[in-house]
Amino acid sequence: MNHRCQRIIAGLSLIMLFTTGAASAQKVTWDSTYRPKAYLKKVEEFKAEGINKNDFVFLGNSITAGTNWAKLLDLPNAKNRGISGDITFGVLERLDQVVSEKPKKVFVLIGINDISRNIPDSIILRNYKNIIRRIQAGSKKTKIYFYTLLPVNSSFNKFKNHYGKDDHILWLNSEIRKFADKKVTVIDLYTHFLDSENHLKAELTHDGLHLKPEGYQVWAEVLKKGGYLK
């Protein structure tokens, strides 16, 4: 092998090395087993509280957990099943606790933490469909209400992993809207919380992700005016 050929082979090897390294550096990992620290404790608390057949269950993460739904809606049979930091895999893990009691209605808002933890959109969507399928299979009379994801507001600079991912929110919301074809009632929260720049309205949040009481009042009005609490 002459010197020129050796130089060509060496150059190609370097290109392959850099290409492989770049691909590895860009590879995003995600973990379906993640559960918040309070997860097991909250699940036990929920179990002790129980659910009745006339209950309205609000299922989700910290955004759902952040208010007292019974007081907010003047609805004694509203049960809060939000866990701060939870993801779709966590909801699926504890879903039987809800389905087995066959509540009247289930309201689902989940997914923003999945996005922040780089769980692929296709996997999140698959989990949404599994949530719906399991409720419909295990409690045929339970009415399912699925919310679109809320926008975020990066100007607060507090939840960097949740920012810069608006395309994921928009794509998942477009898929959630299709759930109406699955005999699911879709509640489009997203549009009610947008400012003129397509961010979460600053006056409705204290950190760009979670809601102030004013934000929950907007949410409550959506539910009341939409007739979803009858």
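Which ring does Arg117 lie over, and at what distance from the ring centre? The views below start there.

**View 1. Two arginines sit over tyrosine rings.** Arg117 lies over the face of Tyr34, 3.5 Å from the ring centre. Arg35 lies over the face of Tyr39, at 5.8 Å from the ring centre. The cut-off here: NZ of Lys or CZ of Arg within 6 Å of the ring centre and within 35 degrees of the ring normal. A note on the source: this is a predicted model, where local features need pLDDT of at least 70 and side-chain atom pairs count only at pLDDT 80 or more, while totals for chains, interfaces and linings use all residues. Residues are numbered from 1 along each chain as its sequence is written, and side-chain values use heavy atoms, with hydrogens and water left out.

**View 2. Confidence along the protein.** The mean pLDDT (the predictor's confidence in each residue, from 0 to 100) is 91, and 88% of the residues reach 70 or more. Residues 8–25 have pLDDT below 50, and beyond near neighbours in sequence this stretch has 1 contact in the model; contact means heavy atoms within 4.5 Å. Where pLDDT is low, don't read the predicted coordinates in detail.

**View 3. Trp69 meets Trp219 edge-to-face.** The search of the whole structure turns up 14 aromatic pairs. Rings of Phe, Tyr and Trp (its six-membered ring) pair if their centres lie within 6.5 Å; planes under 30 degrees apart count as stacked, over 60 as edge-to-face and the rest as tilted. In the Trp69–Trp219 pair, the centres are 4.8 Å apart and the planes make 75°. Trp69 belongs to helix H4 (residues 69–72) and Trp219 to helix H9 (residues 213–225), so this pair ties together parts 150 residues apart in sequence. Helices (H or I, at least four residues) and strands (E, at least two) are DSSP runs, numbered from the N terminus. Trp69 is buried at 1% relative accessibility, and Trp219 is buried at 0%. The bins are: buried under 20% relative accessible area, exposed over 50%, partly exposed in between (1.4 Å probe, protein chains only). Ring pairs also link these two into a cluster with Phe56, Phe58, Phe107, Tyr145, Tyr147, Tyr216 and Tyr228.

**View 4. The largest nonpolar core.** This core has 63 residues, and Phe107, Tyr128, Trp219 and Leu223 have the most contacts inside it. Its largest share, 7 residues, comes from H7. By definition, a nonpolar core is a set of buried Ala, Val, Leu, Ile, Met, Phe, Trp, Tyr and Cys residues joined through side-chain atoms within 4.5 Å. Leaving out residues up to four places away in sequence, Tyr128 touches Thr88, Ile110, Gly111, Phe146, Leu149, Leu172, Ile176 and Phe179.

**View 5. The buried side of helix H8.** In H8 (residues 166–176), the buried residues are Ile169, Leu172, Asn173, Glu175 and Ile176. They span an arc of only 160° around the axis, which puts them on the same side of H8; the arc is that of the directions from the helix axis to the C-beta atoms. Their cover includes helix H6 (112–116), helix H7 (121–138), strand S4 (143–147) and strand S5 (185–187).

**View 6. Two asparagines with positive phi.** Asn118 has phi near 65° and lies in the loop between H6 and H7. Asn198, with phi of about 65°, is in the loop between S5 and H9. Asn118 is partly exposed at 35% relative accessibility, and Asn198 is partly exposed at 46%.
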